[in-house]
Amino acid sequence: MGTDVIAIIAVFSTISFITWTIFSSVRRLRLARLQADVQTILLSRFDSAQNMASYVQTDAGKQLMSGMRFGQESPLAPMLACVRWGIVIIFLGGALCILRGMGAVDSDTIVPGVLALALGIAFEVAAFVSWYLYRSLGLVEPPAQS
């Protein structure tokens, strides 16, 4: 019974990962095409470089240029992803260990459970270390005190 549970988890995880990869790739491709279209239309509207430079210096031009950064993430996004994955993996490892403790599965599931717990904790530690380094280097501003 233990190998059946691990096989089901592995198949579900693989299908989920493949689905996530496909959808995130399609999203990035659409954003890149949209950005290229906007830049092409924008460049075709100006008849000279001086006109474009003068437009970019206006408030509307500054807003347009600041809005063209589609694919940029804040440095906090990878850290938050690390925290999310760490929580999920900790719960997976904990569930495998609890199932083993209840006697619902074979003794073979304790090894993947402990490994998943260790991996989840490693994700959380990595997120904390990244946050600490970003903050100490001044790349992330501390939250405003109310």
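Biologist: Hi! Where does Ile 89 lie?

Modeller: Ile 89 lies in helix α4. Keep in mind that this is a predicted model.

Biologist: Is Ile 89 buried or exposed, and why do you call it that?

Modeller: Ile 89 is buried, because its relative accessible area is 13% and buried means under 20%.

Biologist: Which residues is Ile 89 in contact with, leaving aside its neighbours within four places in sequence?

Modeller: Those contacts are Ala 116, Leu 117, Leu 119, Gly 120 and Phe 123. Take Phe 123: along the chain, 34 residues separate Phe 123 from Ile 89, yet their C-alpha atoms are 8.8 Å apart.

Biologist: Let's zoom out. How many helices and strands are there in the protein?

Modeller: There are five helices and zero strands. Read from the N terminus, the order of elements is α-α-α-α-α.

Biologist: And how much of the protein is buried?

Modeller: Of the 146 residues, 13% are buried. The protein exposes about 11100 Å², with 67% of that supplied by carbon and sulfur atoms.

Biologist: What about contacts in the protein with a separation of 6 or more?

Modeller: Among those contacts, 62% join residues that sit 24 or more positions apart.

Biologist: Back to α4. Why does its span agree with what a helix should give?

Modeller: Helix α4 covers residues 76-102, which is 27 residues. At 1.5 Å a residue it should span 39 Å, and its end C-alpha atoms are 39 Å apart, so the two agree.

Biologist: Which residues in α4 are buried?

Modeller: They are Met 79, Cys 82, Gly 86, Ile 89, Gly 93, Gly 94 and Leu 96.

Biologist: Why might residues three or four places apart on a helix point the same way?

Modeller: An α-helix has 3.6 residues a turn, so residues three or four places apart end up pointing the same way.

Biologist: Nice. What follows α4?

Modeller: Gly 103 does, and its phi is positive, near 80°.

Biologist: How about α5, what does it reach from end to end?

Modeller: Helix α5 has 27 residues and reaches 39 Å from its first C-alpha to its last, close to the expected 39 Å. Just after α5 comes Gly 138, with a positive phi of about 80°.

Biologist: Which residues of α5 are buried, and what do they pack against?

Modeller: In α5, the buried ones are Gly 113, Ala 116, Gly 120 and Ala 127. They pack against α4.

Biologist: Then what about Cys 97, which residues is it in contact with beyond four places in sequence?

Modeller: Cys 97 lies in α4, and those contacts are Ile 110, Gly 113, Val 114 and Leu 117. As for Val 111, it is 14 residues from Cys 97 in sequence and 8.6 Å away, C-alpha to C-alpha.

Biologist: And Tyr 134, where does it lie?

Modeller: Tyr 134 lies in helix α5. It is partly exposed, because its relative accessible area is 28%, and partly exposed runs between 20% and 50%. Its C-alpha is 8.0 Å from that of Pro 75, although the two are 59 residues apart along the chain.

Biologist: New topic: pockets. What volume does the largest pocket have?

Modeller: Its volume is about 370 Å³.

Biologist: Which elements give two or more residues to its lining?

Modeller: Those elements are α1 (2-45), α4 and α5 (110-136). Helix α1 gives the most, with six residues.

Biologist: Which residues line the largest pocket?

Modeller: The lining includes Ile 9, Phe 12, Trp 20, Trp 85, Leu 92 and Leu 119. Ile 89, where we started, is one of the lining residues too.

Biologist: How does the lining divide into nonpolar, polar and charged?

Modeller: Ten residues are nonpolar, two are polar and none are charged.

Technical notes: Residues numbered from 1 in each chain as written. Predicted model: local features only at pLDDT ≥ 70, side-chain atom pairs only at ≥ 80, totals over all residues. Heavy atoms only, no water. Helix = DSSP H or I, 4+ residues; strand = E, 2+ residues; numbered from the N terminus. Expected span 1.5 Å × (residues − 1). Buried < 20%, exposed > 50% of the residue type's maximum accessible area, 1.4 Å probe, protein only. 1 Å grid on protein atoms, 1.4 Å probe; cavity = no way out; pocket = protein on both sides within 12 Å on 5 of 7 lines; lining within 4 Å. Points joined across faces, edges and corners; volume = space filled by probe spheres on them. Nonpolar A, V, L, I, M, F, W, Y, C, P; charged D, E, K, R; others polar. Contact = heavy atoms within 4.5 Å. Areas by Shrake-Rupley, 256 points an atom, 1.4 Å probe, with all protein chains shown as cover.
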